Amino acid sequence: MTAVTSEAAVAPLVGAHTPVPCLDGVERPYRDLDCAASTPALQPVADRVGEFLPWYSSVHRGAGYKSRRATADYEAARDSVHRFARRPAAGDDVVVLVRNTTEAINHLAYRLRLGPDDVVATTVVEHHANLLPWARVATRRWVECGTDGTFGTDDVVKVLDDGRPPALLAMTGASNVTGWLPPVEEICAAAHERGIPVLLDAAQLAPHRPLPTGPDFVAFSGHKLYAPFGAGALVGPRRTFETGDPFLAGGGAVDLVDLDEVIWTEPPEREEAGSPNVVGAVAFGTAVDELERIGWERIRSHEAALSSRLHDGLRATEGVHVLGPRAHADSDDEGLAVAAFTVDGMHHALVAARLSAEFGVGVRHGCFCAHPYLIRLLGVGRAGMARARAAVRRGERGGIPGAVRASCGLGTTGEDVDALMEALGALAAGLPAPVPYVQDPVTGDFWPEGDARGWGEADRPAGAVCARG
Ligand SMILES: Cc1ncc(COP(=O)(O)O)c(C=O)c1O
């Protein structure tokens with residue numbers, strides 16, 4: 001096993017290892033193994049926000065000094081994101097600042113002006129953010145995965161060539177469930193040979209690897225890369241945004257408006273109607289600069305060590321089953337430090353609840369907003385899906401299939417992973433629960449009975465509701 005010590009946290013994160021209350025009355029350092037969902041702020045990001053706030057003002061339209069300065073900072077953040085996306089400075093691409101990846105993909109789905117006769121090729125590995133927007137505007141054609149949760153370039157090519165050429169290939173850069181990294185550049189080359197543009201959902205990839213330059217469009221979120229202030233990006237060719245109605249209509253997106261006429265302005269402003277999230281953009285720009293300052297080699301080697309420790313530990317724990325390509329020790333998959341797993345005889349929501357309430361370990365459970373992928377990885381089958389569908393229609397989420405996910409980031413230490421392993425080993429070996437846990441049939445979550453500090457009835461609103469994928 002690769003040695004990782006607590007010193008290995010690569011960068012200071014705000015609130016890392018804050019003590020949290022457990023059922024036995026002891027406060028334990030919070031083991032944040034839910035980085036694939038959202039990350040705390042990097043300290044330099046929080047510092048930059050603090051520094052910027054006294055200068056905060058409206059951007060683009062104010063004549064005051066603070067407006068000018070805030071505009072410069074907002075545009076500098078856009079430049080940072082442009083650089084981070086590895087687009088040539090003098091090239092044709094624009095960065096549209098949005099809220100998050102979901103908004104970026106919905107934005108693009110609107111802007112491509114597709115119709116029901118258009119095909120968008122996508123994959124069963126995708127997060128719902130890269131599945132549902134395409135269902136609204138086009139016909140989808142699927143790249144399936146194998147039982148190990150992966151597909152190859154050949155599988156994609158078969159789908160691209162299976163009938164009318166798709167108007168777009170929409171794919172993820174990294175699975176949010178298994179951490180698997182598809183061969184993005186190779187797939188982009190194959191799509192481009194056929195004249196098919198590619199959107200990369202880089203929500204999971206962007207915090208961990210340099211962005212590939214092959215995709216035509218890239219979408220990612222600040223809150224997954226240590227800037228939890230509500231900004232994200234859609235990057236793509238200017239020509240996509242130069243004509244047609246913008247996604248949002250309103251102030252800031254126009255040059256001239258009369259009662260029956262509008263002249264839209266140039267992108268990217270054309271795509272950013274309304275007052276933008278200036279503070280979020282400044283945080284986002286700072287975070288991407290900081291990732292580059294830290295360096296991809298350092299990030300990669302830190303996360304590779306954690307990934308080995310995590311997967312080796314999970315595979316060595318009796319009763320625990322890893323999903324996806326790294327289920328077996330001989331796998332040479334070099335995915336992210338993310339693992340989805342099940343525990344024999346324990347509901348996924350109970351595992352997550354006990355890890356949190358008894359050990360201070362924060363993970364996620366459920367389907368991770370990737371239902372088609374998870375039901376394939378779990379081998380749920382048609383009958384299982386029919387049962388789950390019927391239960392959900394009755395308002396019962398407790399029967400939704402699912403798994404537990406642990407995911408690491410820059411602030412994760414070897415001790416965090418070890419704490420998970422120790423806790424999981426005890427649970428899988430049948431450690432009796434100190435109090436009964438009761439499942440809420442509506443949310444599907446488990447909650448410990450009693451009134452331990454932080455876990456009493458009054459604390460329930462702060463509990464997780466993971467089942468809503
Ligand atoms: C692969 C992937 N795509 C898209 C999203 C959606 O990101 P956001 O919630 O920031 O819009 C996520 C979030 O978990 C994700 O993991």
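Reader: How many Å separate the centres of domain 1 and domain 2?

Author: Take the C-alpha atoms of each domain and find their centre; in this predicted model, the two centres are 29 Å apart.

Reader: Which residues belong to which domain?

Author: The domain assignment gives residues 6-39 together with 296-462 to domain 1, and 45-293 to domain 2. Domain 1 is thus written as two stretches of the chain.

Reader: How many residues does each domain bring to the contact?

Author: Domain 1 contributes 30 residues and domain 2 contributes 28.

Reader: And which elements supply the side of domain 1 that touches domain 2?

Author: Helix H9, strand E14 (338-343) and helix H11 (371-378) each give at least two residues. H11 has the largest share, with five residues. By residue type, that side of domain 1 holds 21 nonpolar, five polar and four charged residues.

Reader: Let's stay with H9. How do I read the way H9 and H13 pack?

Author: Look at two things, the angle between the axes and the distance between them. For H9 (residues 296-315) and H13 (residues 414-428), the angle is about 10° and the axes are 10 Å apart.

Reader: Are H9 and H13 roughly parallel or roughly antiparallel?

Author: Angles under 35 degrees count as roughly parallel, so H9 and H13 are roughly parallel to each other.

Reader: Which residues meet there?

Author: From H9 come Leu-306, Arg-309, Leu-310 and Gly-313, and from H13 come Gly-414, Val-417 and Met-421. Sorted by type, the residues of this contact are four nonpolar, two polar and one charged.

How values were computed:
Residues numbered from 1 in each chain as written. Predicted model: local features only at pLDDT ≥ 70, side-chain atom pairs only at ≥ 80, totals over all residues. Axes fitted to C-alpha atoms, helices over the stretch in contact; angles between N-to-C directions. Helix = DSSP H or I, 4+ residues; strand = E, 2+ residues; numbered from the N terminus. Parallel < 35°, antiparallel > 145°, perpendicular 65-115°, else oblique. Contact = placed C-beta atoms within 7 Å. Nonpolar A, V, L, I, M, F, W, Y, C, P; charged D, E, K, R; others polar. Domains from an automatic or database assignment.
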